[in-house]
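Biologist: I'd like to learn how to read aromatic pairs in a model. Could you walk me through some?

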Amino acid sequence: YDLKTILKRYAKTWLGMDLLIVCSDWSEVIFSSGGTSMITLARSTRIIRIVRLLRLVRMQEIMTNVTERIQSEALGPVVQVSKVTIVLMTLSHFTGCLWFAIGARDTSETTWVQVGGYQTQGVEAQYLASLHWALTQFSGGMDEIYPASPLERLFAVLIGLSIFVVALVMLGVFTSGLTQQYIIGGSGARQLATLKRYLKQNNVSKVITKRVCRNAKHAISGDLTPESVELLTVISEPLKVELAFDMYSQVLMWHPFFLDLLQENSPIMRPICHRAMHMLLLSATDNIFQMGEEPAEPKMYIVVSGSLEYTDSYGEVAQVAEKRHVAEAVLWTNWKHRGTLTAVSDAKLAMLDAQGFHSIAQRFMRRSEAALRIVQYANQFVEDLNKSEFKTDLG
């Protein structure tokens, strides 16, 4: 974090409001600690306390930050209910305090505090009664506590109108949030139903139908691909580079060579993450490559989640768990797969495209030390590969 940037941003946003709030607090302290004239001035300036309510302006920014950090779709309705509850209790608190202030004022008129006998009760009972009255205004009011003077009647009418409008807005916001969640969930179900109808019309076998539907369901309910997120197309290009680097650098660091480049903050890593890296979503029993296959678009795979099985030319099966890389040789030489890689469960793989990697390395060849290190590593890798008697795709 840059301290100068933080201070400059604070000076442009919240500094003025914080100074106003602090000055109002200190003015009240100074006036209250003075003589008789100062105390009289303090009583006449109690309106300054209202300035403290400006602190509530920050609640909107705090709620926005909290909402943006919550990534679970299941917590969406919970957040909506929590926000509505907080707004409801905040409004009821201030409304109840104003209602009690009107009822407890010095006047010759009869007030609701006198009618209910609350002037002799404790602060807890007085506050709970006022809060109870304020909360019931959202549902039509209550018979136990009612206005007993014209001023209280006027206040009750104004609060009733205001709460009616606020309740409509809160109901609209809450309903809109739930409807959005329903539309998001219903869209996937409609797509899956359309896919099943298409497969049935074309007489696809039940085995293939089951695999296709399972794969499609995993793609809808599981991790999203960049192509399925429409808003990614409107993000600026520099931000796309930073986004890709943040996503794929966490995966590439599982490979020792790329970890060294990342620790050196090599400039070649950002274009590699942005241009040459992609994600692949798999369902159980999906084949990534077959033994003897020479891929037209060679890629190195890194297991992000899930489990896979690699069967070599002798029929021996090896488990491929998370953080392992497969088919690294395609980056450094012409390669024919020496085994078959199959997904055992739903899995997510990061792919490094060999052609894109070569193109980026060639562009950095003359102006980056990282490119020279890549050449040295490639020569050493191929030399070790040629010395090996048993060649495999596993890293």
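**Reading the rings**

Modeller: Sure: the structure holds 16 aromatic pairs, where rings of Phe, Tyr and Trp (its six-membered ring) pair if their centres lie within 6.5 Å. This is a predicted model, so local features need pLDDT of at least 70 and side-chain atom pairs count only at pLDDT 80 or more, while totals for chains, interfaces and linings use all residues. Residues are numbered from 1 along each chain as its sequence is written, and side-chain values use heavy atoms, with hydrogens and water left out.

Biologist: What describes a pair of aromatic rings?

Modeller: The distance of the centres and the angle of the planes. Planes under 30 degrees apart count as stacked, over 60 as edge-to-face and the rest as tilted. Take Trp99 and Trp133: with centres 3.9 Å apart and planes at 5°, the pair is stacked.

Biologist: Which helices do Trp99 and Trp133 lie in?

Modeller: Trp99 is in H5 (residues 76–103) and Trp133 in H7 (residues 123–136), so the pair ties together parts 34 residues apart in sequence. Helices here are DSSP runs (H or I, at least four residues), numbered from the N terminus.

Biologist: Is Trp99 buried or exposed?

Modeller: Buried, at a relative accessible area of 0%; Trp133 is buried too, at 3%. The cut-offs are under 20% for buried, over 50% for exposed and partly exposed in between (1.4 Å probe, protein chains only).

Biologist: Which residues form one aromatic cluster?

Modeller: Trp99 and Trp133 join Phe100, Trp112, Tyr118 and Phe155 in it.

Methods:
Helix = DSSP H or I, 4+ residues; strand = E, 2+ residues; numbered from the N terminus.
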